[in-house]
Structure formats: structure tokens, C-alpha cells
Amino acid sequence: MKLEPLTPAEQAVAAENHYIVERFLASKKLPPDEWYDVVVFRYLRAIELWFRRPDLYKYQFTTIAWRNMTSAVSNERVKQSRRIRAISLDTVIPGTDGMTFGDTITADNLDFIPYTEVSEYENYIRC
């Protein structure tokens, strides 16, 4: 969704009700330094919706804002869950009695490890 510049009336409502963003973050125990940007843009979108869709007037503005911000957090968490996470070869594989991902590397897999690390693993495998 593309945000349009807010009208003076919309800007006034945004400033007057900004406390909703802070309350939302506090109630969901979300650190503001990580989540403010995610939430505030949906808050501004809620203001646009409120002014441009009279059918929403039957709800309180806080309800519209809260639902929009909840949706933003949910969407961001889904997006984060799809990201590839880097792990170290020194990470212990759960349920393996201390075996690391590096321990699973065989001579056939050495082609995929940068050269500086290959010599370390070749020495380890020879032992």
C-alpha cells in the first residue's frame, strides 16, 4: 500500500493520537527501536482509512489503528520467519550429544568450504 501525504486534518489526528502507537508497543512488549517503523506506517495507514472510508466511522479510531498495527506485526513476523538464518559450523546439532555441523563435513563436502578453512578440516579428518 502506498501512503499518500496526510491532509492537515489527518496530520492533526495523527499527532493527537500518537500515544496509541506507544501503548500498542508497550502492551505487546515490542521494543520500540525494533518495531516502531513497522507499526507507525500502519498507524498512518489507519488514519488514511479512517478519513477516506466513512463506513469505518461505526468503529472507534483506536480499534482501526490497533487492528492495523496488529496486522503489521503479524506480517513482519511471517516475513522474518521466511528469511534464511545463518548458522555456524560450530553450532551443536540438537539431540546429538555435542556433535556440531562442522563434524558432519566429509572429504566430499570440502569443495564447498573456503580454502582457508579446508586445510583445518583436512587436518581434522586425517586425525
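Biologist: What makes R23 and A26 count as exposed on the other side of α2?

Modeller: In this predicted model, R23 and A26 lie on the other side of α2 and are exposed, a term reserved for over 50% relative accessible area.

Biologist: Which residues of α2 are buried?

Modeller: I20, V21, F24 and L25 of α2 are buried, so each falls under 20% relative accessible area.

Biologist: How do you know on which side of α2 they lie?

Modeller: These buried residues span an arc of only 130° around the axis, and therefore they sit on the same side of α2. In general, an α-helix has 3.6 residues a turn, so residues three or four places apart point the same way.

Biologist: What covers the buried residues of α2?

Modeller: The cover includes α3 (32-52) and α4.

Biologist: Why are α2 and α4 called oblique to each other?

Modeller: The axes of α2 (residues 19-27) and α4 (residues 61-81) cross at roughly 50° and come within 11 Å. Angles under 35 degrees count as roughly parallel and 65 to 115 as roughly perpendicular, so the pair belongs to the rest, the oblique class. The crossing of α2 and α4 is right-handed.

Biologist: Which residues make the contact?

Modeller: From α2 come Y19, I20, V21, R23, F24 and S27, and from α4 come F61, T62, A65, W66, M69, T70 and V73. By class, the contact of α2 with α4 has nine nonpolar, three polar and one charged residues.

Biologist: What is the sign of phi at K29, which follows α2?

Modeller: The phi of K29 is positive, near 55°.

How values were computed: Residues are numbered from 1 along each chain as its sequence is written. This is a predicted model: local features need pLDDT of at least 70, side-chain atom pairs count only at pLDDT 80 or more; totals for chains, interfaces and linings use all residues. Side-chain values use heavy atoms; hydrogens and water are left out. Axes are lines fitted to C-alpha atoms, for helices over the stretch in contact, and angles run from 0 to 180 degrees between N-to-C directions. Helices (H or I, at least four residues) and strands (E, at least two) are DSSP runs, numbered from the N terminus. Angles under 35 degrees count as roughly parallel, over 145 as roughly antiparallel, 65 to 115 as roughly perpendicular and the rest as oblique. A crossing is left-handed if the near helix is turned anticlockwise from the far one by less than a right angle, and right-handed if clockwise. Contact means heavy atoms within 4.5 Å. Ala, Val, Leu, Ile, Met, Phe, Trp, Tyr, Cys and Pro count as nonpolar, Asp, Glu, Lys and Arg as charged, and the others, Gly among them, as polar. Buried means under 20% relative accessible area, exposed over 50%, partly exposed in between (1.4 Å probe, protein chains only). The arc is that of the directions from the helix axis to the C-beta atoms.
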